[in-house]
Amino acid sequence: MRFFVDTADIAAIRELHELGMVDGVTTNPSLILKSGRDIAEVTREICDLVPGPVSAEVIASDAEGMIREGKHLAEIAPNVTVKVPLTWDGLKACKALTDDGHMVNVTLCFSPAQAILAAKAGATFISPFIGRLDDIGLDGMELIADIRQIYDNYGYETNLLAASIRSVNHVIECARVGADVITAPPSVIKAMASHVLTDKGLDLFNADWAKTGQKIGA
Ligand code: E4P
């Protein structure tokens, strides 16, 4: 399973990248706002740091505008993935941009029907949002499992990129059902290293070690 990090925070990306945890990056307008940076400038910096796909999102709502913005974003670096929303115009832009050789991430996917259309339009990645479905009392993981099954049934090559991940359990469930990629905030990726029994075990080992009076390498 590939790990994308869902942030435009360069320091956070660098920390995870140095540990080999980053296969790509996703951003969106809210994350660009949070970074306080210019989209072209921060996207270029992320692309210089991470060789994998780096998603940068268009803002236009019509296909022509999305294609124009997408081409502009794609000029930033060869690993830019143009992110378009799952609307009818977004699908048109997806088809045009992928036909033109660009990677496209179709975002804001909330149903298997939408995911089928994105695959038909040649999307490189489909981003179904788990957390936002959970937020309204629906089952985000069910959507991931449904898309996995449908894509496998027909051999669609679009990568299933599970997004809006809010917890370690979301990551584990995505791995169980076979998402190709997860994109998660740095805090969730770092939380994967924690376990209460690891902390407890370490406390016990440290206490016992102190009683031995020994030192390693001294
Ligand atoms: C990634 O592509 C999405 O924009 C992101 O995962 C959304 O996450 P959120 O629902 O926690 O904002």
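Leaving aside its neighbours within four places in sequence, which residues is N159 in contact with?

1. The model discussed here is a predicted one, and the opening question can be answered from it directly: N159 is in contact with R2, T124, F125, I126 and D180, once the neighbours within four places in sequence are left aside. N159 itself has its place in strand β7, which covers residues 159–162, and at 19% relative accessibility N159 counts as buried, because the limit for that class is under 20% relative accessible area.

2. For a reader who is new to the chain, some overall values may help with orientation. The chain has eleven helices and eight strands, and along its principal axes the C-alpha trace spans about 70 × 40 × 30 Å. Of the 218 residues, 45% count as buried, while the accessible surface of the chain comes to about 11,300 Å², with 55% of that surface belonging to carbon and sulfur atoms. Among contacts between residues at least 6 apart in sequence, 57% join residues at least 24 apart.

3. I130 is a useful residue to inspect next. I130 is found in helix α7, and at 0% relative accessibility I130 counts as buried. Not counting residues up to four places away in sequence, I130 touches G140, M141, I144, A162, A163, S164, I165, H170 and C174. By contrast with these contacts, D89 is 41 residues from I130 in sequence and 23 Å from I130 in space, taken from C-alpha to C-alpha.

4. Turning to charge, the chain carries 19 positive and 29 negative side chains, and the centres of these two sets lie 3 Å apart. On the surface, D134, D139, E142 and D146 gather in a patch of negative charge. One of these residues, D139, has its place in the loop between α7 (130–135) and α8 (140–154), and with a relative accessible area of 43% D139 is partly exposed.

5. The count of salt bridges comes to eleven, and the pair formed by K71 and D100 deserves a separate look. The closest N and O atoms of K71 and D100 are 3.6 Å apart. Since K71 lies in helix α4 (residues 63–74) and D100 in the loop between α5 (88–99) and β5 (103–109), the pair ties together parts that are 29 residues apart in sequence. K71 is partly exposed, with a relative accessible area of 37%, and D100, at 43% relative accessibility, likewise counts as partly exposed.

6. A salt bridge within a helix is found between D152 and R148, where the closest N and O atoms are 3.1 Å apart. These two residues are four apart in helix α8, so they are separated by about one helical turn. R148 is buried, with a relative accessible area of 11%.

7. Salt bridges that share partners also join R37, E41 and E45 into one network. Within this network, R37 forms a salt bridge with E45, and the closest N and O atoms of that pair are 2.6 Å apart. R37 counts as partly exposed at 25% relative accessibility, and E45 counts as partly exposed at 31%.

Notes:
Residues numbered from 1 in each chain as written. Predicted model: local features only at pLDDT ≥ 70, side-chain atom pairs only at ≥ 80, totals over all residues. Heavy atoms only, no water. Patch = residues over 30% accessible without salt bridge, like charges linked within 9 Å, V, L, I, M, F, W, Y side chains within 5 Å. Areas by Shrake-Rupley, 256 points an atom, 1.4 Å probe, with all protein chains shown as cover. Salt bridge = Lys/Arg side-chain N within 4 Å of Asp/Glu carboxyl O. Lys, Arg positive; Asp, Glu negative; His and termini not counted. Charge placed at Lys NZ, Arg CZ, Asp CG, Glu CD. Buried < 20%, exposed > 50% of the residue type's maximum accessible area, 1.4 Å probe, protein only. Contact = heavy atoms within 4.5 Å.
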